[in-house]
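Got the viewer open? Let's walk through this one together, one selection at a time.

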Amino acid sequence: MITVTDTDFQKNFEKYLQAVQKGKEIIILKNGIEIARLISKENTVSLLTDSLVVTLKNDYDESEIKAERAAKYESMD
């Protein structure tokens with residue numbers, strides 16, 4: 001992971017674009033605050049998949065979902 005200021009990023013765009021193509025993640029700061037992250041397309045898919053898995057693991061209660069489905073289908077009879 002590389003952290004740069006917005007000014008440095010603008011001045012050295014090609015350098016940072018090449019770093020992203022090699023799999024690096026670029027964090028861009030403006031006035032010390034993170035404003036953007038630049039990652040490769042391949043890493044984007046991985047990042048989104050990993051985020052979804054973590055979200056499901058934290059919010060997913062199989063027994064609760066089964067009970068909701070059972071109640072829904074029982075009320076249809």
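Before the first stop, a quick word on terms: two strands count as paired if DSSP finds at least two bridges between them. Keep in mind, too, that what you're looking at is a predicted model.

**Stop one: the sheet**

Switch to cartoon view and pick out the strands. Three of them make an open sheet, in the order 1-2-3, with mixed pairing. Now colour residues 2-5 and 33-38: these are strand 1 and strand 3, the edge strands, and each pairs on one side only. Turn the sheet to look along it, and you can follow a twist that averages 30° from one strand to the next.

Next, select residues 26-30, which make up strand 2. Strand 2 runs antiparallel to strand 3, and five bridges join the two. Want a spot to zoom in on there? Show Leu29, and opposite it in strand 3 you'll find Glu34.

**Stop two: helix 2**

Move on to residues 13-21, which form helix 2. Which residues of helix 2 are buried? Show the side chains of Tyr16, Ala19 and Val20, and you have them. Look down the axis of helix 2: the buried residues fall within an arc of 100°, so they line one face of the helix. That fits a general pattern: an α-helix has 3.6 residues a turn, so residues three or four places apart point the same way.

What covers those buried residues of helix 2? Select the surroundings, and you'll meet strand 1, helix 1 (6-11), strand 2 and strand 3 among the elements that do the covering. Before leaving, step just past the end of helix 2 to Gly23, which takes a positive phi of about 100°.

**Stop three: the rings**

Now for the aromatic side chains. A search of the whole structure finds two aromatic pairs. Start with Phe9 and Phe13: their rings sit edge-to-face, 5.6 Å centre to centre, with 85° between the planes. Then swap Phe13 for Tyr16: Phe9 and Tyr16 are stacked, 6.0 Å centre to centre and 20° between the planes.

Buried or partly exposed: which is Phe13? Turn on a surface and check: Phe13 is partly exposed, at a relative accessible area of 42%. Phe9, on the other hand, is buried at 13%, and Tyr16 also counts as buried, at 5% relative accessibility.

For a last view, show Phe9, Phe13 and Tyr16 together: ring pairs link them into a cluster.

Methods. Residues numbered from 1 in each chain as written. Predicted model: local features only at pLDDT ≥ 70, side-chain atom pairs only at ≥ 80, totals over all residues. Heavy atoms only, no water. Helix = DSSP H or I, 4+ residues; strand = E, 2+ residues; numbered from the N terminus. Axes fitted to C-alpha atoms, helices over the stretch in contact; angles between N-to-C directions. Buried < 20%, exposed > 50% of the residue type's maximum accessible area, 1.4 Å probe, protein only. Arc of directions from axis to C-beta. Contact = heavy atoms within 4.5 Å. Phe/Tyr/Trp six-rings, centres within 6.5 Å; stacked < 30°, edge-to-face > 60°.
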